[in-house]
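Hi,

Here is the structure I promised to pass on. Please open it alongside this note, and I'll walk you through what turned up.

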Amino acid sequence: MCGIAGIVYKDKKLHNVGDDMTKMLHALQHRGPDSAGFAIYGGMGLEDNEYVLNIQVADKRGLLHTVQDAINVKTPIKEDEIIPSVDDSFIYKCKIALDNFSDLKPLITSIDNIGDLGNSSTANADNDVIVLNGSHSFQMIKDVGSVYEIADRYNTRDVKGTHAIGHTRFSTESNVDRYHAHPFQTYIVKDITVVHNGQITNYWKVRDPLERKGHKFETNNDTECLVHYIADKLDTGYSLEEALEHSVEDMDGPFSYIIGTPNGIGIAKDKLGLRPGIMAENDDVFAIASEEIALHEVMDTQEVEQISPGEVRVYEI
């Protein structure tokens, strides 16, 4: 089933978006008890060449030092912290600097290879080291558990930003773990994320030409295919609205999804309208969610609008 949500503050200033998105996702908790996640944009305050990595590291003697050494070979670690977890791993968060955005994915691959047990060609929860994300303009927070549990674990309510997207997951495919929790990200275009409710039934038909163009997939989750598809369109000169319109034509199955970018958010719904989507706005806020109850957490309005079958909307700041 899954629940999706997005919010944009029209004045482009920093707001308590972590708290607002926590409220929205908690209102959608019944749609997805397995995991939850946030992509919160605008409050990172990084230099142009700086990035933050979130790395899941198994709690094994000496493994963190191995990870740190691998990063320092490529670029010095500028800041770091350890975020405790509830299982036998923790999150290692660090800030780095790179000469070019194109250097980010090779660095992530080299870190992932530290924990590759040779189980498969794609990353999975059994690996000792998994890079959950690397970003410049947004903070990625995602984990298993309830929305409130995750918000408490990562102090999500304190995170400020200009806009955000979020997800509560009811798993119908792939593993229930941090890595497969939404949002998903791609490194084709900087800081593009997606949250998704539904299924892409022609997943392999969409994925195959992207792989032949050089896209590297880390999972078999259809949501990853969506974010690669949109990033590919953006990379070849399409606007976000055009990319979303093409996705409605090219994707089969029931779906509703929200794309996050450094400039705003966009939503697309399948042509049969098989997955829900509600919008509302006032002078201060534009918001999207799977259900109206989530919108009332962040604005006082009775004027909501159903997203029509096959419709796309973009709100950028």
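Before the helices, one convention: axes are lines fitted to C-alpha atoms, for helices over the stretch in contact, and angles run from 0 to 180 degrees between N-to-C directions. Please also keep in mind that this is a predicted model.

**A helix pair**

Helix α1 (residues 17–27) packs with helix α4 (residues 147–154) at an angle of about 155 degrees, and their axes are 9 Å apart. Angles over 145 degrees count as roughly antiparallel, and α1 and α4 are therefore roughly antiparallel to each other. On the α1 side the contact is made by Thr22, Leu25 and His26, and on the α4 side by Val147, Tyr148 and Ala151. By type, the residues of this contact divide into 4 nonpolar and 2 polar, with no charged ones.

Helix α1 also holds Lys23. With a relative accessible area of 32%, Lys23 is partly exposed. Its C-alpha atom is separated by 7.4 Å from that of Ala294, although the two residues are 271 apart along the chain.

**A buried aspartate**

Next, have a look at Asp143 in strand β7 (residues 138–144). Is Asp143 buried or exposed? Its relative accessibility is 1%, so Asp143 counts as buried, the limit for that being under 20%. What does its side chain make polar contacts with? One partner is the side chain of Arg153, at 2.9 Å, and another is the side chain of Arg178, at 3.1 Å. Setting aside neighbours within four places in sequence, the residues in contact with Asp143 are Ser35, Ala36, Ser85, Ile150, Arg153, Tyr154, Arg178 and Ala181.

**An open sheet**

There is also an open sheet of 4 strands, in the order β4-β5-β3-β6, with antiparallel pairing. Strands β4 (79–83) and β6 (129–135) stand at the edges; each has a single partner strand, so one side of each is left without a neighbour in the sheet. On average, neighbouring strands here are turned by 20 degrees against each other, direction ignored. Between β4 and strand β5 (residues 89–97), the antiparallel pairing runs over 5 bridges. One bridge to look up is that of Glu79, whose partner in β5 is Lys95. Helix α3 (residues 104–112) packs on the sheet and touches β3 (50–58), β5 and β6, and the direction of α3 makes about 165 degrees with that of β6.

**Backbone geometry**

Finally, a few spots you may like to inspect in the loops. His182 and Pro183 are joined by a cis peptide bond, with omega at about 5 degrees. Pro183 lies in the loop between β8 (163–169) and β9 (184–186).

Two residues other than glycine have a positive phi. Lys12, with phi of about 65 degrees, is found in the loop between β1 (3–9) and α1. Asp191, with phi near 60 degrees, lies in the loop between β9 and β10 (192–198). Their surroundings can be set side by side: Lys12 is exposed, with a relative accessible area of 55%, whereas Asp191 is buried, with a value of 2%.

Happy to talk any of this through whenever suits you.

Best wishes

Terms used. Residues are numbered from 1 along each chain as its sequence is written. This is a predicted model: local features need pLDDT of at least 70, side-chain atom pairs count only at pLDDT 80 or more; totals for chains, interfaces and linings use all residues. Side-chain values use heavy atoms; hydrogens and water are left out. Helices (H or I, at least four residues) and strands (E, at least two) are DSSP runs, numbered from the N terminus. Angles under 35 degrees count as roughly parallel, over 145 as roughly antiparallel, 65 to 115 as roughly perpendicular and the rest as oblique. Contact means heavy atoms within 4.5 Å. Ala, Val, Leu, Ile, Met, Phe, Trp, Tyr, Cys and Pro count as nonpolar, Asp, Glu, Lys and Arg as charged, and the others, Gly among them, as polar. Buried means under 20% relative accessible area, exposed over 50%, partly exposed in between (1.4 Å probe, protein chains only). A polar contact is a pair of N or O atoms within 3.5 Å; within protein, one must be able to donate a hydrogen and the other to accept it, and residues adjacent in sequence count only if both atoms are side-chain atoms. Two strands pair if DSSP finds at least two bridges between them.
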